[in-house]
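Here are my notes after a pass through the model, in no strict order. Have the coordinates open as you read.

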Amino acid sequence: MESPTPTPPPPSSSSSASAVHPGIAPISYLLGTWRGQGEGGFPTINSFSYIEELHFSHHSSKPVIAYSQKTWKLHSGEPMHSESGYWRPRPDGTIEVVIAQSTGLVEVLKGNYDAEEKVIRLQSELVGNASEVIYTDF
């Protein structure tokens with residue numbers, strides 16, 4: 001994806017809503033809406049162009065960032081993919097990310113962040129597929 005351009009979140013009617021919880025301050029630079037164009041491809045399909053939008057928001061009373069992501073086909077505007085979840089930074093420089101995709105996949109990522117360099121490194125720790133869940137009677 002090309003370098004995204006942040007768009008500030010919409011103005012708030014309350015000054016407390018614009019305050020940043022100290023727990024997310026190290027990665028608060030993510031807050032807002034990021035949009036960019038990208039190219040995708042897989043061995044079994046033709047490459048494709050898309051528009052991607054990520055939105056990061058939070059409430060000042062919670063040490064967590066809410067996340068949503070959507071992609072659209074570049075030329076037609078047809079929706080392609082979406083997901084949402086939460087980013088949970090810890091004071092020790094570690095971070096947990098929990099994501100649910102519209103396809104029924106869920107993912108837990110863990111990693112670390114460097115607040116000064118504005119770098120976040122994540123590794124997938126768990127992927128679950130809702131269509132493969134085995135149901136049991138309780």
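1. Start with Arg90 and Glu96, whose side chains meet in a salt bridge with 3.3 Å from N to O. Bear in mind that this is a predicted model. Arg90 and Glu96 don't stand alone here: salt bridges with shared partners tie Arg88, Arg90 and Glu96 into one network. As for exposure, Arg90 has a relative accessible area of 30%, and Glu96 comes in at 22%. Both values lie between the 20% and 50% cut-offs, so the two residues count as partly exposed.

2. How many salt bridges does the count come to? The total is four. One of them joins Arg35 to Glu53, and their closest N and O atoms are 2.9 Å apart. This pair links distant parts of the chain, with Arg35 in strand β2 (residues 32–42), Glu53 in strand β3 (residues 45–57), and the two positions 18 residues apart in sequence. Arg35 is partly exposed at 42% relative accessible area, and Glu53 is partly exposed too, at 25%.

3. Lys73 and Glu78 also pair up through their side chains, in a salt bridge of 3.4 Å from N to O. Lys73 is partly exposed, with 37% relative accessibility. For Glu78 the figure is 42%, which again counts as partly exposed.

4. Next, have a look at Trp87 in strand β5 (residues 79–89). Is Trp87 buried or exposed? Its relative accessibility is 11%, which is under the 20% limit, so Trp87 counts as buried. Leaving aside residues up to four places away in sequence, Trp87 touches Leu30, Phe56, Val64, Ile65, Tyr67, Ile95, Glu96, Val97, Ile120 and Leu122. Glu96 from point 1 is therefore among the contacts of Trp87, by the 4.5 Å heavy-atom criterion. If you want a distance to check, the C-alpha atoms of Trp87 and His58 are 9.9 Å apart, with the two residues 29 apart in sequence.

5. Thr33 deserves a quick look as well. This residue lies in strand β2, and with a relative accessible area of 17% Thr33 is buried. The side chains of Thr33 and His55 are joined by a polar contact of 2.7 Å.

6. Now the C-terminal strands in these notes. Strand β6 (residues 94–101) runs antiparallel to strand β7 (residues 105–114), and seven bridges join them. To get the register, find Thr94, which stands opposite Asn112 in β7. Three residues sit between the strands of this hairpin, and Gly104 takes a positive phi near 100°.

7. β7 is also joined to strand β8 (residues 119–129), again antiparallel, by ten bridges. Which residue of β8 stands opposite Leu105? That would be Asn129. The hairpin of β7 and β8 has four residues between its strands. Where does the positive phi fall in this one? Look at Lys118, with a value near 55°.

8. One thing to keep in mind while stepping along these strands: in a regular strand, side chains alternate between the two faces of the sheet.

Key:
Residues numbered from 1 in each chain as written. Predicted model: local features only at pLDDT ≥ 70, side-chain atom pairs only at ≥ 80, totals over all residues. Heavy atoms only, no water. Pairing = 2+ DSSP bridges. Buried < 20%, exposed > 50% of the residue type's maximum accessible area, 1.4 Å probe, protein only. Polar contact = N/O pair within 3.5 Å; in protein donor to acceptor, adjacent residues only side chain to side chain.
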